[in-house]
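I opened this entry to look up a few charged side chains, a helix and the nonpolar packing in the structure below.

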Number of protein chains: 2
Amino acid sequence: MNDFIFPMSPKEPKYKQIYQQLKMLIEQGNLKSNDSLPSIRRLAETLQVSRNTTLTAYEQLVAEGYIRGEGRKGYFVNELEQVFLQQEEATVPTLSTKQEQPTLKIDFRAGAVDQAYFPLKTWRQFANRALQLEDSFVYGEPFGEPLLKEQLAQYLLQARGVKCDAEAIIIGSSTQQMLLYLGCLLKHDFTSVIVEDPGYIGARQAFKVNGFELEALPVLEHGAQLHLLPDMQSRLLYITPSHHFPYGVTMTIQQRQTVIQWAKKVDGYIIEDDYDSEFRYGQQPFPALASIDHSRVIYIGTFSKSFLPGIRLSYMVLPKSLLYRYKEQFSEFEQNASSLHQLTMAAFMDKGEWTRHIKRMRIIYKQKMHYLVEQLKQHFGNDMTILGEHSGLYVLIKLHVHLTEDQLIQRAAQYGVKVYPTSPFFLKCSAAEPVLQLGFSKLTMEDIYQGVQLLAKAWRRPLNNE
Amino acid sequence: MNDFIFPMSPKEPKYKQIYQQLKMLIEQGNLKSNDSLPSIRRLAETLQVSRNTTLTAYEQLVAEGYIRGEGRKGYFVNELEQVFLQQEEATVPTLSTKQEQPTLKIDFRAGAVDQAYFPLKTWRQFANRALQLEDSFVYGEPFGEPLLKEQLAQYLLQARGVKCDAEAIIIGSSTQQMLLYLGCLLKHDFTSVIVEDPGYIGARQAFKVNGFELEALPVLEHGAQLHLLPDMQSRLLYITPSHHFPYGVTMTIQQRQTVIQWAKKVDGYIIEDDYDSEFRYGQQPFPALASIDHSRVIYIGTFSKSFLPGIRLSYMVLPKSLLYRYKEQFSEFEQNASSLHQLTMAAFMDKGEWTRHIKRMRIIYKQKMHYLVEQLKQHFGNDMTILGEHSGLYVLIKLHVHLTEDQLIQRAAQYGVKVYPTSPFFLKCSAAEPVLQLGFSKLTMEDIYQGVQLLAKAWRRPLNNE
């Protein structure tokens with residue numbers, strides 16, 4: 001067995017985490033019957049734990065029949081019982097020569113969070129408390145629960161430099177929902193909107209549904225072509241300044257000021273989608289555009305990347321010029337996000353759990369990001385350029401090969417690995433070489449290791465049937 | 001003390017419920033120091049429990065110092081400690097003569113559910129389980145979780161006669177959100193929509209935001225003026241057939257067929273808002289419009305009235321002619337409703353808890369409705385007409401007095417009672433006499449009793465300062 005590494009959580013005993021991780025690898029068939037395990041000493045060194053810790057984990061696994069010790073020879077995986085074998089069949093790909101699609105082994109999907117480090121107990125506690133509040137049994141506040149809005153106002157000031165009244169925050173369920181609602185208001189004053197190319201499709205569709213014309217602002221690997229702005233028709237700009245989607249570039253302070261100046265000059269608005277600013281691994285995050293000028297920026301944030309996509313909790317901060325009109329236009333609408341989740345999140349933030357969670361996840365995602373980048377570099381060297389490795393929950397990889405995006409995806413799939421295209425993000429522009437998106441937030445270190453190994457096989461060797 | 005009555009839950013020991021109810025009345029100051037309590041025999045008769053049960057409850061309260069027994073004289077409320085007195089000040093209205101608004105005592109708000117009978121433990125159990133599913137850590141299905149859609153398809157067939165594929169169901173977070181999204185599609189084919197007058201304002205606003213013209217279909221106390229339909233311009237009709245909002249009338253089968261025929265003839269659609277069909281207290285509910293003709297009806301339902309408004313869970317069933325276009329138009333949108341709540345509700349329905357809950361609540365709400373109507377009749381007799389008492393979670397009361405709606409609301413407020421206007425629901429029509437809305441779902445029997453007592457005082461006697 002190769003070295004076995006994975007990030008440790010500070011919340012559970014270490015021996016237990018080692019035990020669980022190994023058990024999972026055995027049950028899922030990543031470790032097979034009679035595979036040898038690293039020695040107690042070696043594993044302790046790799047994971048930087050004491051030998052006692054690894055010994056305890058191994059003893060537990062021996063006791064439960066997962067592995068056996070063979071004296072000096074070391075530890076080996078036991079034959080598995082029927083119940084595990086069934087699972088194994090379902091998850092381990094068999095690389096057939098008959099052109100069958102093998103079972104999905106590693107999914108480099110973005111848009112997921114790490115379940116292993118989710119603060120399940122704390123969240124459950126707060127959620128159960130929220131269920132006992134009287135406020136949970138009536139219709140909530142139409143524009144969001146005041147308790148959550150106050151917490152958000154504080155957080156936005158501290159973390160993003162955005163000064164705003166809690167009253168200027170509108171809670172919503174998703175970025176698209178908020179863009180759609182907002183568009184219903186803005187379409188009275190604007191007929192078109194500038195969007196990044198490449199850029200986020202969800203936003204584009206939300207604008208299109210409202211009948212906006214789309215004007216493409218080209219974005220290159222090093223950033224948006226802002227010098228083109230003055231020649232554009234629209235006075236409305238949708239942009240991702242902190243972490244461009246998908247290229248991952250961050251706008252400099254100078255660029256931010258350019259954009260604000262432009263908005264003032266044309267009497268327009270900037271919609272700033274700050275979807276994953278929490279995860280920046282190098283320097284401190286730059287302050288949001290909205291921190292430079294309130295009056296021109298509509299700020300949008302979400303808990304989908306930083307916490308949990310399933311709770312469907314997003315928010316926007318409206319400039320005063322729009323706030324009253326927005327509240328008027330939607331005065332008879334009910335809130336879209338669950339008030340239970342809102343009240344839970346408010347308590348979670350109030351008790352400092354949110355900051356703790358973000359700090360913890362930043363460390364874990366940083367480790368994963370570094371490991372992924374390191375593995376990719378090791379296997380592909382100069383044949384690959386890696387983009388956007390300093391922040392966010394995915395990287396882009398540009399492959400210098402004579403294969404199309406589609407061919408690369410197909411080949412990866414034949415090795416049980418799912419990688420994602422970026423071509424749908426392009427409007428008019430297109431990338432000269434294929435660029436793929438690899439999300440890692442949900443994957444373990446072991447997954448990342450295996451995934452890159454398989455990609456190396458898939459993209460380096462010709463496939464059996466070719 | 002007057003007779004003391006409240007509905008009993010089958011889930012908790014009866015003595016405990018009596019104990020809790022009395023404790024609450026004492027803590028909230030409804031029962032004051034030295035007030036006498038009903039005798040053990042009398043309370044047992046009123047509540048139809050054994051004397052042992054009331055005795056046990058009283059003994060518990062004596063032990064805890066809330067009340068005292070004085071031999072043959074009976075039981076009395078004790079002086080309260082400081083902690084309770086503070087609470088008392090906050091909740092008990094002091095009917096001042098100085099024109100101050102007294103504290104709100106009884107709120108006849110619709111749009112709330114009964115917290116006392118919420119299946120807290122079961123829901124919490126299912127919710128905690130949902131939090132451990134892998135599906136909860138990724139973006140959910142854009143149009144709703146398949147597990148929930150399958151449960152809904154079954155429920156709609158059994159309870160509403162609506163035959164539909166799970167695939168034709170779109171989950172959303174609120175009726176307005178779904179009407180807004182739907183409107184984005186329908187506005188390509190329709191420029192105006194017929195709405196009930198009086199009718200639901202939230203729906204009207206959703207149509208207006210999308211630029212639809214509104215055409216008013218007059219609804220009288222005995223039903224919508226459907227004979228006017230053929231002369232109307234629009235081919236789109238938004239309607240509440242099972243329980244007209246706000247009048248509470250139900251469309252007969254003949255009327256339903258008339259509407260369907262009309263839609264076929266004009267090649268239009270009917271949007272059926274079936275917002276609280278679960279609570280019908282006389283006969284069985286009539287089948288939904290959508291059960292008569294799939295192809296012409298967009299069916300909308302919600303968990304806000306029947307379960308919990310805070311979870312923000314609604315759904316619609318689209319006819320085939322719209323389904324594909326809808327999914328196309330919103331292909332890049334994420335779901336608006338929490339996937340955690342969706343998965344929890346799916347399990348809750350699957351295990352039969354949903355049906356059990358609805359049955360239980362129907363009995364409880366029916367008792368409350370009967371009690372409210374009985375109390376109103378007793379105090380107001382022929383001076384009041386009660387509308388919509390056979391279903392739903394509110395009644396309308398029409399007062400035959402020379403006071404305006406606003407005066408009635410003000411007078412009630414001066415006695416600490418909040419009642420709600422219906423005039424905002426009218427578009428062109430208006431009621432000849434003031435009509436008020438009284439919701440009761442969140443109130444206890446004691447609240448209802450007190451509320452009507454206070455209304456009788458407020459509306460019968462001239463106020464001190466007049």
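I began with the side chain of A:Arg204 and found that one of its polar atoms lies 2.6 Å from the backbone oxygen of A:Phe425, in what is a predicted model. The backbone oxygen of A:Gly199 is also within reach, at 3.4 Å from a polar atom of that side chain. I placed A:Arg204 in helix H8 of chain A, which covers residues 201-209. Which side chain of opposite charge is nearest to A:Arg204? I found A:Asp197, 4.4 Å away, and noted that A:Arg204 is buried yet has no salt bridge; the cut-off for a salt bridge is 4 Å, so this pair is not counted. Leaving out residues up to four places away in sequence, I listed what A:Arg204 touches, including A:Val195, A:Leu214, A:Pro424 and A:Phe426.

I then turned to the salt bridges, of which there are 30 over all chains. In chain B, I looked up B:Arg160 and B:Asp274, whose side chains meet at 2.6 Å, N to O. This pair links distant parts of the chain, 114 residues apart, with B:Arg160 in helix H6 and B:Asp274 in the loop between strand S9 and helix H10. Buried or exposed? I recorded B:Arg160 as buried, with a relative accessible area of 2%, and B:Asp274 as buried too, at 3%.

For a pair in another setting I took A:Glu70 and A:Lys73, which form a salt bridge with their closest N and O atoms 3.5 Å apart. Here A:Glu70 is partly exposed at 29%, whereas A:Lys73 is exposed at 66%. I also noted that A:Arg68 is linked with A:Glu70 and A:Lys73 in a network of salt bridges.

My next stop was helix H15 of chain B, residues 445-460, whose 16 residues should span 22 Å at 1.5 Å a residue, and whose end C-alpha atoms are indeed 22 Å apart. Because 12 of the 16 residues of H15(B) are buried, I describe this helix as largely enclosed by the rest of the structure. Among the buried ones are B:Glu446, B:Gln450 and B:Trp459.

B:Trp459 came up again in the largest nonpolar core, which has 288 residues, where B:Trp459, A:Trp459, A:Met345 and B:Met345 have the most contacts inside it. Apart from neighbours within four places in sequence, the contacts of B:Trp459 include B:Phe380, B:Met384, B:Leu408 and B:Arg411. I closed with a second, separate core of 18 residues, which includes A:Leu37, A:Ile40, A:Leu47 and A:Val49.

Definitions and conventions. Residues numbered from 1 in each chain as written. Chains lettered and ligands numbered in written order. Predicted model: local features only at pLDDT ≥ 70, side-chain atom pairs only at ≥ 80, totals over all residues. Heavy atoms only, no water. Helix = DSSP H or I, 4+ residues; strand = E, 2+ residues; numbered from the N terminus. Buried < 20%, exposed > 50% of the residue type's maximum accessible area, 1.4 Å probe, protein only. Lys, Arg positive; Asp, Glu negative; His and termini not counted. Polar contact = N/O pair within 3.5 Å; in protein donor to acceptor, adjacent residues only side chain to side chain. Contact = heavy atoms within 4.5 Å. Core = buried A, V, L, I, M, F, W, Y, C linked by side-chain atoms within 4.5 Å. Expected span 1.5 Å × (residues − 1).
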